Structures are given as C-alpha cells and as structure tokens.
Amino acid sequence: MGDTIGISQASMSRCVSNVTRALVEKAPHFITFNRDYSSREQSFQEFRRVAGFPGVLGVLDCVQVLHIILTLRKTLCPSVLLLIRLFLVQVTIKAPNSEDASYVNKKGFHSVGCQLVCDARGLLLSAETCWPGGLKDTDVLERSVLHQQLQGIEDGWLLGDRRYPLKKWLMTPVDCPESPAEFRYNLAHAATHEIVDRTFRAIQTRFRCLDGTKGYLQYSPERSSSILLACCVLHNASLQSGLDAWTLERTDPLEQPDSVAQEPEERDSEAEELRKRIILRDFS
C-alpha cells in the first residue's frame, strides 16, 4: 500500500497503528451483546429459522491466530512451509519474543486465541482476541468477560461444540446419541453452530492480512490481537451497512473438535436435565 500511494514503510506503519487504535476504541460500540427482551426474542426467532434449535442467544467458538516461528521458517524448505500453511488455514503472525511457552498451542505452533460469539446473521456479539494460544478453550471461556456476562442468565443459551462443558447457558452436542431425537438435536446443533465457523472464514477472506495462505503478520501477539479486533469491528460495520456476512466466504473443511473430558463430579446435572427437556420437547 505504501508503494502504491507513494509513502514510506515507516509512514505506512504509523497509519496502520493509528487506524487500528481508532477502530479498537470503537469496538464496544460495534460489538455488543444485547440481552434486552426485544433483542433476545429476535435472536430466538432468527436462530430457530436456521435449523429449528430453540432459545439460542448466539453461537460460540474459539479460533487460533497462528504464528510460524521465525527460526523454523529459516530452516524449512518452501514446500514444507506451504503444507503447514495449507493445513492450518489460519492467520499466521510473528512469534512473540517473551512468554513463548504460554503461546504454544496443542499443535506445537505459537498462536493467539480469539473467542467469538455471533448471531444468526454472522454479526459478532462478542470478540475477545487477546488470549495466549496455550490456553484451552474452556480456560479462555472461564477467564473471559463473556463468562461473567452469562452468569445467572435464565432465558436462552449459547451453542458451543464438544470442546466446551455443558452448562445451563451453554448447550453442547450429545456425545453418544442413541435415540432419533438425540440425533435430530445434534444435527440441528451442528447446522446452527456452523454459523460462527463460516463467519470467521468470511472475515479471513475479506481481510487478507488474516489469511495465512498469503503470508503472516509481522507483529507481536498484542499488536496482532488489536489488528484482528479492528477487522472484527469492520466486519460488523459492513453488516450494519447492509453487506452480506458470507459474500466472500472461503469453503475450507471444518476441523472436528475433540470432546472435553468431564469427571462425574464436574457434570452439571441441572444442565443435563435441561438438555433432555429440550430434546424431548423440540426434537421428539
């Protein structure tokens, strides 16, 4: 961009910093989780039209913003790096200079965790982009602002995949469905939860700086987190201006999550009873 408009790299970098900072400051205005009655009822209706799942306030997922370790990059041949990028299909950024261990995810790569919640249209309701990639999705959720917001909620729930524990405010799939009703519940859950995966893929495609197949961000995790949040703000602004969330959606295959292992004493019996009632009432 600097070459195109005739300014130096340093000047262009200052422009990126200033615009990113301005957008991040506007994030609370553009990314909000409204829980008033009218917003809640509208959410219920829009999600129900997707696949018939009742009471959904939003769909939750945690994505990884990855960075190829620069010392590795100097020793790997181009074909291996290409395979890494095609396998990850994520955002590659520069490895941090400090706290490296906390940023290493389960695949052995440095990354930043980004927890997203969106509505049925792909509008982001919550975006927390600053978590070290070494944290499990459940740990990110428990430490997040979103977790605090959802405590004590009595009407409605989020949908999360198998990586999350079942809660009264977080419905997850049935691990080993047996009845036709449980299978229908899981199908409706998967079709509805897919919205958040599609939304992040669309954000990556629209904002090419987040697309790991085209290179990686040469910034620290903190700066990259801010850039990602700025892109989330622009995504919501575009939807609020009438653009389609998934016009530029990429069609990568979805990674199947591993189920979270819960000890019997960790299980939420009230949440299990609530899920059974949902299955009996809406999917039998």
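# Exercises on helix packing and burial

H9 and H11 are roughly perpendicular to each other. The exercises below concern a predicted model and begin with this pair.

## Exercise 1. The pair H9 and H11

Derive the class of the packing between H9 and helix H11 (residues 269-282), and state which residues meet.

Solution.
1. The two helices pack at an angle of about 100 degrees, and their axes are 9 Å apart.
2. Angles of 65 to 115 degrees count as roughly perpendicular, and H9 and H11 therefore fall in that class.
3. On the H9 side the participants are Ala181, Glu182 and Tyr185, while H11 supplies Arg275, Ile278 and Ile279.
4. By residue type, this contact comprises four nonpolar, no polar and two charged residues.

## Exercise 2. The pair H4 and H9

Determine how helix H4 (residues 37-51) is placed against helix H9 (residues 180-206).

Solution.
1. The axes of H4 and H9 come within 8 Å and cross at roughly 120 degrees.
2. This angle makes H4 oblique to H9, since the roughly perpendicular class runs from 65 to 115 degrees and the roughly antiparallel class lies over 145.
3. The crossing of H4 past H9 is right-handed.
4. Phe47, Val50 and Ala51 of H4 make the contact with Ala188, Ala191, Thr192 and Ile195 of H9.
5. Sorted by type, the contact holds six nonpolar residues, one polar residue and no charged residue.

## Exercise 3. H4 as a single helix

Compare the span of H4 with the expected value, then list its buried residues and describe what follows the helix.

Solution.
1. H4 has 15 residues, and at 1.5 Å a residue a span of 21 Å is expected.
2. From the first C-alpha to the last, H4 reaches 22 Å, close to that expectation.
3. The buried residues of H4 are Arg40, Ser43, Phe44, Glu46 and Phe47.
4. Phe47 also belongs to the contact with H9.
5. The spacing of such positions can be read against a general rule: an α-helix has 3.6 residues a turn, so residues three or four places apart point the same way.
6. Just after H4 comes Gly52, with a positive phi of about 85 degrees.

## Exercise 4. The pair H2 and H10

Classify the packing of H2 against H10, give its handedness and name the residues that meet.

Solution.
1. H2 and H10 pack at an angle of about 60 degrees, with 9 Å between their axes.
2. H2 is thus oblique to H10.
3. The handedness of this crossing is left-handed.
4. Ser13, Val16, Ser17, Thr20, Leu23 and Val24 in H2 meet Arg223, Ser226, Ile227, Leu229, Ala230, Val233 and Leu234 in H10.
5. The contact divides into eight nonpolar, four polar and one charged residue.
6. Arg21 lies in helix H2 (residues 9-25), and its C-alpha atom is separated by 7.5 Å from that of Ser226, 205 residues apart along the chain.
7. Arg21 has 46% relative accessibility and therefore counts as partly exposed.

## Exercise 5. H10 and Ser238

Assess whether the length of helix H10 (residues 221-240) agrees with expectation, and characterise its burial.

Solution.
1. At 1.5 Å a residue, the 20 residues of H10 should span 28 Å.
2. The end C-alpha atoms of H10 are 29 Å apart, which agrees.
3. H10 is mostly covered, as 14 of its 20 residues are buried.
4. Ser238 is found in H10, and at 12% relative accessibility it counts as buried.
5. Leaving aside neighbours within four places in sequence, Ser238 is in contact with Arg206 and Leu243.
6. H10 is followed by Gly242, which has a positive phi near 105 degrees.

## Exercise 6. Leu60 and the chain as a whole

Describe the surroundings of Leu60, then place them beside the totals for the chain.

Solution.
1. Leu60 lies in strand S1 (residues 56-67), and its relative accessible area of 0% makes Leu60 buried.
2. Not counting residues up to four places away in sequence, Leu60 touches several residues, among them Gln115, Leu141, Tyr164, Leu170, His193 and Val196.
3. Gly160 is also touched by Leu60; the two are 100 residues apart in sequence and 5.2 Å apart in space, C-alpha to C-alpha.
4. The chain holds 11 helices and seven strands, and buried residues make up 48% of its 284 residues.
5. Of the contacts between residues at least 6 apart in sequence, 72% join residues at least 24 apart.

Key: Residues are numbered from 1 along each chain as its sequence is written. This is a predicted model: local features need pLDDT of at least 70, side-chain atom pairs count only at pLDDT 80 or more; totals for chains, interfaces and linings use all residues. Side-chain values use heavy atoms; hydrogens and water are left out. Axes are lines fitted to C-alpha atoms, for helices over the stretch in contact, and angles run from 0 to 180 degrees between N-to-C directions. Helices (H or I, at least four residues) and strands (E, at least two) are DSSP runs, numbered from the N terminus. Angles under 35 degrees count as roughly parallel, over 145 as roughly antiparallel, 65 to 115 as roughly perpendicular and the rest as oblique. A crossing is left-handed if the near helix is turned anticlockwise from the far one by less than a right angle, and right-handed if clockwise. Contact means heavy atoms within 4.5 Å. Ala, Val, Leu, Ile, Met, Phe, Trp, Tyr, Cys and Pro count as nonpolar, Asp, Glu, Lys and Arg as charged, and the others, Gly among them, as polar. The expected span of a helix is 1.5 Å times one less than its number of residues. Buried means under 20% relative accessible area, exposed over 50%, partly exposed in between (1.4 Å probe, protein chains only).
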